[in-house]
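Welcome! Open your viewer, get ready to select residues by number, and follow along stop by stop.

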Amino acid sequence: MIAFVQGPVAALSAGLAVVEVGGVGMAVQCTPTTLAGLRLGEPTRLATSLVVREDSLTLFGFADDDERAVFEILQAAPGVGPKLAQAILGVHSPDALRAAVANGDEKALVAVPGIGKAKAAKLLLEYKDKLGAPHGAVPAQKPVAAGPAPWGEQLHAALVGLGYAPREADEAVATVTPEAQAQTTPDVGALLRLALRSLNRSR
């Protein structure tokens, strides 16, 4: 198992980071929030989980070991593969997800693209005794390091990466623009969660 990759970021694209490790470019699938914290050419360390299929080997990357552990637990539920598990973590931090499951918060899971009300109810039951309690008070989303692109472009790319249409992403960016303009340094992670809530209400 590849437990982590460490090295300079060689490339970034929607849903993917390439990290140079010993002269080899390791392609790592990441959530939009994780990608927003990476900067081209700068060193990073990503916890990883290798998903093996008959016709593919896919490396998924995470901000820390806890996020990776939750990713692996999420896939234990029927009908939840690595892509959906990653989408869940793209919307909720591990402790926010634990709190949602502990509180039976169906709306929190419905906010994830690809999860409807019926599936959310089933997943709450599946995860109730598997994720455990939050490790502490659920913290406010920490500011994400600014990348080379403006916050609006980062947010738009993150939403498209989660499966929303470009038009929907445009509308969500417009919705959260006043909040972003009120911040000295726009927090892309927090703005992403606001945008997802606005998209969920409009559906």
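Buried here means under 20% relative accessible area, exposed means over 50%, and partly exposed lies in between (1.4 Å probe, protein chains only). This is a predicted model, in which local features need pLDDT of at least 70 and side-chain atom pairs count only at pLDDT 80 or more, while totals for chains, interfaces and linings use all residues. Residues are numbered from 1 along each chain as its sequence is written, and side-chain values use heavy atoms, with hydrogens and water left out.

**Stop one: Arg 98.** Select Arg 98 together with Asp 95: both are buried. The two sit three residues apart in helix H4, about one turn of the helix (helices, H or I, of at least four residues and strands, E, of at least two are DSSP runs, numbered from the N terminus). Their side chains meet in a salt bridge of 2.7 Å, N to O; the term means a side-chain nitrogen of Lys or Arg within 4 Å of a carboxyl oxygen of Asp or Glu.

Now add Asp 66, whose side chain also forms a salt bridge with Arg 98 (2.7 Å, N to O). This pair links distant parts of the chain, 32 residues apart, with Asp 66 in helix H2. Asp 66, Asp 95 and Arg 98 are thus on view as a salt-bridge network.

**Stop two: Arg 68.** In helix H2 (residues 65–74), select Arg 68 and Asp 65. Their salt bridge has its closest N and O atoms 3.4 Å apart. Arg 68 is buried at 15%, whereas Asp 65 is partly exposed at 42%.
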